[in-house]
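Let's take a walk through a protein model together. Keep the picture open beside the text and look for each part as it comes up.

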Amino acid sequence: MTNPPVIPQLDRPGIVLFDMDNTMMDMSNPFITEACGLAGIDPLPAERHISFYQEQVYPPEHQPMFRTVIDRPGFFLDLEPYPGAVEAYHRASERWLVMFATAQLNSNPTCASDKVASLTRHFGAEAATRIAMTMDKGLLMGDVLVDDKDRIVTRFTPTWTQVVFDQPYNQATPGLRITNWEDGTWEDAIEEAFDAMLSEGRFGPDGWRADGYSQPGRIAS
Ligand SMILES: [Mg+2]
């Protein structure tokens with residue numbers, strides 16, 4: 001029996017999942033600006049956007065414009081990374097196995113392909129191979145999930161710990177928090193999440209998960 005091929009970049013014990021929309025990519029600003037432009041109204045100040053579903057803080061008659069914008073072909077390709085997000089991704093990839101975890105919006109016909117193209121454009125071709133699309137992030141295995149969602153609903157028991165990416169609508173969400181990708185504190189927050197898991201005995205002496213879910217690269221069966 002020969003040894004299975006080892007993929008060096010996958011042989012890292014820590015697995016970090018990065019959400020895309022409003023975590024790595026600035027979605028709120030173009031989304032609100034474009035929708036309010038169509039509605040002919042002024043955007044509310046950022047701190048007034050206290051709902052994850054941003055249209056909900058606007059009068060009902062203007063809410064359909066938000067649907068129009070988010071379903072527009074190309075909308076997700078037009079989004080830009082937050083300042084420092086690209087550098088943070090590359091830095092994180094030196095330390096951990098990094099994946100992008102994002103939802104696919106079926107009502108937008110180019111959402112899935114635009115998200116892959118956006119990763120290629122901003123983070124590089126290799127990053128685009130690291131995308132996992134799912135409506136339920138509990139399906140994805142990982143140690144840390146950096147995500148702006150205020151309340152992640154899942155049908156599964158997550159293997160990851162959420163580190164919250166700071167947004168006006170998630171101020172009450174408990175847990176470690178990343179406020180920006182520029183000043184290096186994001187790395188401290190992820191380290192702290194790993195430290196907490198280590199002290200809980202969730203990693204074995206070899207650095208892989210004690211529950212066996214993460215292991216050095218091998219053939220699955
Ligand atoms: Mg998000």
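We'll begin with how far to trust the model, then visit the sheet, a loop and a helix.

This is a predicted model, so local features are described only where pLDDT is at least 70, side-chain atom pairs count only at pLDDT 80 or more, and totals for chains, interfaces and linings use all residues. Residues are numbered from 1 along each chain as its sequence is written. The pLDDT is the predictor's confidence in each residue, from 0 to 100. Its mean for the protein chain is 92, and 94% of the residues reach 70 or more. Over residues 1-7, though, the pLDDT is below 50, and this stretch has 7 contacts beyond near neighbours in sequence. (Two residues are in contact if their C-beta atoms, placed from the backbone, lie within 7 Å.)

Now for the sheet. Helices (H or I, at least four residues) and strands (E, at least two) are DSSP runs, numbered from the N terminus. Strands of a sheet pair through backbone hydrogen bonds, either parallel or antiparallel. Here two strands count as paired if DSSP finds at least two bridges between them. You'll find an open sheet of 6 strands in the order 5-4-1-6-7-8, with parallel pairing. Strand 5 (131-133) and strand 8 (177-178) sit at the edges, each pairing on one side only.

Try strand 1 (residues 15-19) next: it pairs with strand 6 (residues 144-147) over 3 bridges and with strand 4 over 5 bridges. Find Leu-17, whose bridge partner is Leu-145 in strand 6 and Met-99 in strand 4. Strand 4 (residues 97-102) is mostly covered, with 5 of its 6 residues buried. A residue is buried if 20 or more other C-beta atoms, placed from the backbone, lie within 10 Å of its own, exposed if 12 or fewer, and partly exposed in between.

Follow the loop between strand 1 and strand 2 (25-26) and you'll meet Asn-22. Its phi is near 65 degrees, a positive value in a residue other than glycine. Most residues other than glycine have a negative phi. Asn-22 is also buried, with 23 other C-beta atoms within 10 Å.

Last stop: helix 1. Its buried residues are Phe-31, Ile-32, Ala-35 and Ala-39. Seen down the axis, they fall within an arc of 90 degrees (taken from the directions from the helix axis to the C-beta atoms), so they line one face of the helix. These buried residues pack against helix 2 (63-70). Just after helix 1, Gly-40 takes a positive phi of about 70 degrees.
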